[in-house]
Structure formats: C-alpha cells, structure tokens
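Let's take a friendly walk through this one. Have a look at the sequence and the 3D view, then read on.

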Amino acid sequence: MPGRRLVFLLIFLVCAALMAVAFYMEYVMGLEPCPLCWLQRIAISVVGILALIAALHNPKEWGGRIYGLFLAVFSAVGVALAGRQLWLQSLPEDQVPACGPSVDYLLDVMPILDVFRIALQGTGDCAQVVWRFLGLSIPGWTAIFFTLLFVLGIAILFGAFGRQRHL
C-alpha cells in the first residue's frame, strides 16, 4: 500500500487536473459553467487544497484520519451537487426550471447567501447537456470522480494507508 502522504498528493494532483479540464472547457471550448458547475468546482478545489495541506503536514495517525474525514465530507457534498445536476438533466423538458442569469451577474447584484441558494436549486442552464464523453455528461464524470475521492477519504479515515516517513 502506498503511504498516506503519497495518496494525499495524488488526490491533490487529480483535483488540479480536474480544475485544469474545467478551465479548458470554459476558456478554450467556450462552455459557460452553470451555477451547479461553479459549486462543484468549489468542492473540487476544497478537496484538492485539503489534500495538499495534508500532504505537506503529513500528520500522525489521528491527524491523517481527520483529514480523511474532511476529504470524505467535501467529496460527498460534490457527489450531492453532481447528483442534483444529473437529476435536473433527466427532467422532461416541460419540468426544467427557467434559465437564470450568469453567476457573475448574480454575485454583482445579490448577497452571497442568495447566490448559493439559487445555485443549489439549479437553473435551466444546469439541465442542459452541452458535452458528453463515453455517454456521460460533465456532472456524470464529476460524480464518478467525487465518488472515488469519497472512497479514498473513507479509506484514509479507517487507516487503509499508513504514514510514510521518508517523503
């Protein structure tokens, strides 16, 4: 089994790669992220930053388990957000909520808590499938990655990876 520090570093690298893909899709492919996409990006970023801090900290037994718990919690939030978007994408067209303004506009004119409430509800933009790979939309792929990160967080929590002292 690899050491816990290496696992934390790999989680960070996966999250960094996911964010790089998200920015590529936005700025090169021209895909505008919906409110739920923004929240999923925040969740991936939090998981990645936590994993980087854990890799640098390299805590002893219980400290590593606490990091694993936090990784699992934020990954579960990501699964829930991706699941919400997948549910919106599965709705019949007549039940899809109306499209809303961009997140940038919402942040300019509304308090942050109202922006989060709107983002969590999702808009018609969140229900649009604008890209597929191997039959899965973007939230389908993020749900898979969040699930894998959740499983790793739980494995770390229960001590599946030991502390490696040499890195």
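Before we get to the pocket, a word on naming: helices and strands here are DSSP runs, numbered from the N terminus, with at least four residues for a helix and at least two for a strand. Keep in mind, too, that this is a predicted model.

## The pocket

Which helices line the largest pocket with at least two residues each? They are α1, α2, α3 and α7. The largest share comes from α1, which gives seven residues.

In total, 30 residues line this pocket, and Ala22, Met25, Cys37, Ile138 and Thr142 sit nearest its centre. The lining is made up of 19 nonpolar, seven polar and four charged residues. As for the space inside, the largest pocket holds about 610 Å³.

## The core

Now for the largest nonpolar core, a set of 27 residues. Phe8, Ile11, Leu36, Leu71 and Ile156 have the most contacts inside it. Two or more residues come from each of α1 (4-27), α2 (35-57), α3 (61-90) and α7 (138-157), with α2 giving the largest share, ten residues.

Take Phe8 as an example. Leaving aside residues up to four places away in sequence, Phe8 touches Ala51, Ala54, Ala55, Gly64, Tyr67, Leu71 and Ile156.

## The cysteines

How many disulfides turn up in a search of the whole structure? Zero. For Cys15, the reason is distance: the closest cysteine sulfur, in Cys37, is 16 Å from its own sulfur, too far for a bond.

Cys15 is also buried, at 2% relative accessible area. Cys34 counts as buried too, because its relative accessibility is 5% and the cut-off is under 20%.

Key: Residues are numbered from 1 along each chain as its sequence is written. This is a predicted model: local features need pLDDT of at least 70, side-chain atom pairs count only at pLDDT 80 or more; totals for chains, interfaces and linings use all residues. Side-chain values use heavy atoms; hydrogens and water are left out. A nonpolar core is a set of buried Ala, Val, Leu, Ile, Met, Phe, Trp, Tyr and Cys residues joined through side-chain atoms within 4.5 Å. Buried means under 20% relative accessible area, exposed over 50%, partly exposed in between (1.4 Å probe, protein chains only). Contact means heavy atoms within 4.5 Å. A disulfide is a pair of cysteine sulfur atoms within 2.5 Å. On a 1 Å grid over the protein atoms alone, a cavity is a set of points where a 1.4 Å probe fits but cannot get out, and a pocket is an open set with protein on both sides within 12 Å along at least five of seven lines; lining residues have an atom within 4 Å of a point. Grid points are joined across faces, edges and corners, and a volume is the space filled by probe spheres set on the points. Ala, Val, Leu, Ile, Met, Phe, Trp, Tyr, Cys and Pro count as nonpolar, Asp, Glu, Lys and Arg as charged, and the others, Gly among them, as polar.
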